[in-house]
Every structure is written in C-alpha cells, then in structure tokens.
Amino acid sequence: MSNERQIQDEDLMDVAQDPEQAHRLRKALKVLAENPNVGGKLQEMAKEVLSGRIGMKEAIETPGYMDALGDRMTQIRRAAEDQTMAEREESREKFAAWQKEQEEKEDQERAERDGPSGNIVTAPRRGGRSHRG
C-alpha cells in the first residue's frame with residue numbers, strides 16, 4: 001500500500017463537517033487499513049478509500065462494507081456486555097489513558113500543521129524577560 005497514492009484530509013471533505021473531522025477520519029481509516037486484527041471487508045474498505053479507488057461516500061453506500069462495519073460494532077457491543085464490573089473499570093481506565101495520549105498527539109500534530117503560529121506565542125515571552133525595569 002505504501003507505493004500507492006494516498007488520499008489527503010481534503011479528499012474526505014465530501015463527508016466530513018470540517019478539516020479536523022476529515023483528519024480524524026483519515027487517521028481512523030489508516031488504523032483500519034494497517035491493523036492485521038481488522039481483516040475482511042472492513043480492512044478492504046479502508047484500503048480502497050485511502051488509495052482513492054473509491055470515495056468515502058461510495059464506501060458508505062456499499063452494503064458489503066456497511067454490513068462489515070455493523071458486524072464489527074455488534075462484536076464490540078457483545079464483548080462489552082460480557083465484561084465483569086472489574087473488567088469494565090479496567091477498560092475505562094485504559095480508555096481514559098489512551099484518550100489523553102491521543103489528545104496530546106493531536107495537539108502536537110495540530111501545532112506542527114499550524115506551523116509558525118506556535119512561535120508567535122513564545123516570542124513575546126522571551127522578549128518580555130529581557131526588559132526588566
């Protein structure tokens with residue numbers, strides 16, 4: 001897949017509400033495409049969309065792909081229902097830690113994408129320290 005053309009965030013704006021959502025959608029598709037535990041139609045759909053062979057809108061309208069997504073969601077729901085209270089609490093804690101890590105990564109990516117704007121914030125502070133009165 002690395003030799004193929006890869007779509008960009010902008011290519012998902014036909015289904016995303018804003019650039020940030022398009023970015024998150026593309027990242028989610030990459031996880032589906034690259035995770036060996038996904039497999040099947042769901043992984044195929046992610047690879048097809050990421051390569052640009054089909055659009056996200058078309059994927060959403062393809063019954064086989066949406067059936068695969070529905071099946072996976074059902075598996076996730078059943079697994080959650082079968083958890084003990086201790087397992088649920090452990091899952092909540094793991095999710096909270098994972099979510100914090102993801103937010104930090106997204107903040108860092110956003111800062112890198114936005115580029116020089118981060119320097120504007122720190123520049124006045126440096127200048128302010130050198131002018132003591």
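Let's start with Met45, which counts as buried because its relative accessibility is 4%. Buried here means under 20% relative accessible area, exposed means over 50%, and partly exposed is whatever sits in between, with a 1.4 Å probe and protein chains only. Met45 lies in helix α2. Its C-alpha is 9.7 Å from that of Leu69, and the two residues are 24 apart in sequence.

A quick word on the ground rules. This is a predicted model, where local features need pLDDT of at least 70 and side-chain atom pairs count only at pLDDT 80 or more, while totals for chains, interfaces and linings use all residues. Residues are numbered from 1 along each chain as its sequence is written, and side-chain values use heavy atoms, with hydrogens and water left out.

OK, the overall picture. The protein has six helices and zero strands, so called because helices (H or I, at least four residues) and strands (E, at least two) are DSSP runs, numbered from the N terminus. Walk along the sequence and you read α-α-α-α-α-α. Of the 133 residues in the protein, 19% are buried.

Now, how do the helices sit against each other? Take α2, residues 40-51, and α4: they pack at an angle of about 125°, and their axes are 8 Å apart. The axes are lines fitted to C-alpha atoms, for helices over the stretch in contact, and the angles run from 0 to 180 degrees between N-to-C directions. That angle is why α2 and α4 are called oblique to each other. For the cut-offs, under 35 degrees is roughly parallel, over 145 is roughly antiparallel, 65 to 115 is roughly perpendicular, and the rest is oblique. As for handedness, α2 passes α4 in a left-handed crossing; left-handed means the near helix is turned anticlockwise from the far one by less than a right angle, and right-handed means clockwise.

Next pair: helix α1, residues 19-34, packs on α2 at about 130°, with the axes 8 Å apart. So α1 and α2 are oblique to each other, and their crossing is left-handed.

And then α1 with α5. Their axes come within 13 Å and cross at roughly 120°. That makes α1 and α5 oblique too, and here α1 passes α5 in a right-handed crossing.

On to the charged side chains. What is the count of salt bridges? It comes to ten, where a salt bridge is a side-chain nitrogen of Lys or Arg within 4 Å of a carboxyl oxygen of Asp or Glu. Let me show you a few.

In α2, the side chains of Lys41 and Glu44 meet in a salt bridge, 3.7 Å from N to O. Lys41 and Glu44 are separated by about one helical turn, because they are three residues apart in helix α2. Lys41 is partly exposed, at a relative accessible area of 42%, and Glu44 is partly exposed as well, at 34%.

Over in α4, Arg77 makes a salt bridge with Glu81, with the closest N and O atoms 3.1 Å apart. Arg77 and Glu81 are four residues apart in that helix, about one turn. Arg77 comes out at 44% relative accessibility, so it counts as partly exposed, and Glu81 is partly exposed at 48%.

Then there's α5, residues 85-114, where Lys94 and Glu90 lie four residues apart, about one turn of the helix. Their side chains meet in a salt bridge at 3.1 Å, N to O. Are these two exposed or partly exposed? Lys94 is exposed, with a relative accessible area of 55%, whereas Glu90 is partly exposed at 40%. There's also a network: Glu20, Asp107 and Arg110 are joined into one by salt bridges that share partners.

Last stop, the surface. Which residues make the nonpolar patch of about 270 Å²? They are Leu69, Met73 and Ile76. Patches are made of residues with over 30% relative accessible area and no salt bridge, joining like charges within 9 Å and nonpolar side chains (Val, Leu, Ile, Met, Phe, Trp, Tyr) within 5 Å. The areas come from the Shrake-Rupley method with a 1.4 Å probe, and for residues only the protein chains shown count as cover. Ile76 sits in helix α4, residues 63-81, and is partly exposed, with a relative accessible area of 48%. Leu69, from that patch, is also the residue we paired with Met45 at 9.7 Å, C-alpha to C-alpha.
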